[in-house]
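Reader: Could you take me through the salt bridges of this one, slowly and in some detail? I'd like a close look at the pairs themselves and at where they sit.

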Amino acid sequence: MVLIPVLIGIPVLLAVLMALLKDGRIRGIIVYAGAGCIMAVTLALLAGWGAGGYGRAVFFTATETVDHLMTVGEIGLMLLIVFMSVKYHKVLPAVLSVAQTGLILYVEQTAPIVEKEHMMVDWLTVLMCVIIAFVGGFICIYTVGYMKGYHEHHKEYKDRQPFFFSMLFLFLAAMFGLVFSQSLIWMYFFWEITSVISFLMIGYTRTEEALENSFSALWMNLLGGLGFAAAIAVLAFTQGSVQLSDAVSSGMMFPLACLALAGLTKSAQMPFSTWLFGAMVAPTPSSALLHSATMVKAGVYLLIRIAPALSGNIVGLMVSCIGGFTFIMASMMAIAQNDGKKVLAFSTISNLGLIVACAGTGVKETVWGAIFLMIFHSVSKSMLFQAVGAAENCLGSRDIEDMHGLLLRLPKLAYIMGIGIAGMYLAPFGMLISKWVALKAFVDSENVFLVICIAYGSATTMFYWTKWLAKLISQHHARKGVEDVTRKDEYLSMFVHAAIMLLLCLMLPFVATHVVDPIVAEMFGASEAVLSMSVLTTMAIMLGAVLIVPAIMFLVSGGAKRQLVQIYMGGINRGDNRHFTDSFGEEKHLYLSNWYLRFEFGRRHLLKPSLILSAVVLIIVFCLIIGGAV
């Protein structure tokens, strides 16, 4: 299909143009046009594939020239990593890069690989393309306005917007290539591109913290890349094939474990989750891109692809246990965070953990839930990161405590945040429904550990999201107004994300029947109806629930503007509900603050033991597999 190389090539061309353009106005126009073009080509691909009968289609068998170009690219990526490692005196990334690139080159030159199709299009591929094109495309549009405000507020950082936009589009190209790839060697090539670009984006500001965090992300993802390369080598020499489908059907534990390791590192599961915390130092668009449409979704995409081979074996047990453990521990640590981006980071890791646990279980119901979680998480988390970035530009802070009464000060941003937060944990949005499906599957499989993880993890999830949502709608009469400096292109992206979230909720039965069910059927040969309600009943409930929260928010904000009702305070109310006179005659300022339980759930108390325990599980499982005990 000719549209596949076109869809990969357009972002590459845009990346080159972005690197050359210095004029911000022209660059913005090209970003709008380029993002629109990517979305249009994705829709054309969907239409062309649908015209062929919505079946699995494979392409590109004879690709010798492209293979040689990829070999050159792999060597180029290795040289870049070695150069940056030497420049900043880092040894581990250089060693890992040389090891895995050398292994791949050795396999390509000596292994008896039977040439087969290198790319494919099926239901899961198309879904991923839609997520990448639309969520990623609107993030690029949002970035046009955001980066202007970012450098107005952060004059201490060098303005490198051409480089930043170039990396955004190159990231999209790599993700398209990754999800289309049926050859593991091709997938590995695009996989490594995403690792290198994330490293470059995290280090955008070139501060000491940014550089340290970028190298941390690099070596962890390169470790997963080494596992990916090892899986390719074993399959190539034992099976004579590097096809993803053959890796799933082979039943070999070691290649599956190595691919699972790659998926766990890329999706920031423990003990590899710290790289995603460090990514917060980068500008908000990179955070939105890393957490939603790309990077971490590459990891869960790979795990979902190999999910049918994980059912009932030690690799699946390892993946599901690490995913469940990450879900509950990350959600507990999120309670102690007051920085909006950190809450979103822990939430991302937590929700990815649930998706990973579902994939590791490897049965129809859990994979169904994993796909639904991936869809809703992509849209909601992208929208929330953008809203937090816009609020930071307006407030000068991304502290949740500074968002008190945001509904009155920045109502549009508050509505967007409210919809995003509701999408993450409230009924009847797909995240909650997916958790219910996963819980039912875990109960049916009598997996007590995962039942405990999802039950208590969901409770802690509710705790930190409710705190944030309550902050937004709390009555607050600020001493001075806040100017909304959010630009139109930023609002365009956020409003589209909000509309998509609401439409996904309203059309959940349609998405389940016509998108998720076919993916599960294609992977397992058959699909079962997971939602037992009738379509009309489900949609009626969703319509009512979707309208309730915005209506309440509107009434609360409207009522607050009409009348100020004095509240009881710890002294004489000064008339503004913000100041009071205490019993000593001194004027005090009243403020409300959430309870963060920093000692009980703080990162410094829980993170290190969690990383050690999950690392021990990984090491034990790999020792058992290598030793032939399983």
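Author: Here is a walk through the salt bridges, with a short stop at a sheet at the end.

First, the ground rules. This is a predicted model, so local features need pLDDT of at least 70 and side-chain atom pairs count only at pLDDT 80 or more, while totals for chains, interfaces and linings use all residues. Residues are numbered from 1 along each chain as its sequence is written, and side-chain values use heavy atoms, with hydrogens and water left out.

Now the pairs. Side chains of opposite charge can pair when their charged atoms come close. The cut-off here: a side-chain nitrogen of Lys or Arg within 4 Å of a carboxyl oxygen of Asp or Glu. Searching the whole structure on that basis turns up nine salt bridges.

Let's start with E212 and K90, whose closest N and O atoms are 2.9 Å apart. This one ties together distant parts of the chain: E212 belongs to helix α8 (residues 208–239), K90 lies in the loop between α3 (64–87) and α4 (92–110), and 122 residues separate the two. Helices here are DSSP runs of H or I with at least four residues, strands are runs of E with at least two, and both are numbered from the N terminus. As for exposure, buried means under 20% relative accessible area, exposed over 50%, and partly exposed in between (1.4 Å probe, protein chains only). E212 comes out partly exposed at 44%, and K90 is partly exposed too, at 23%.

D444 and K440 give you a local pair, with 3.2 Å from N to O. They sit four residues apart in helix α19 (residues 430–444), so about one helical turn separates them. K440 has a relative accessible area of 36%, which makes it partly exposed.

Then there's E392 with R398, where the closest N and O atoms are 3.5 Å apart. E392 counts as buried at 16%, whereas R398 is partly exposed at 21%. These two also belong to a salt-bridge network that takes in D339.

Last, the sheet. Three strands make an open, antiparallel sheet in the order β3-β4-β5, where two strands pair if DSSP finds at least two bridges between them. At the edges are β3 (572–573) and β5 (587–589), each pairing on one side only. Strand β4 (residues 579–581) meets β5 over three antiparallel bridges, and T581 has E587 in β5 as its bridge partner.
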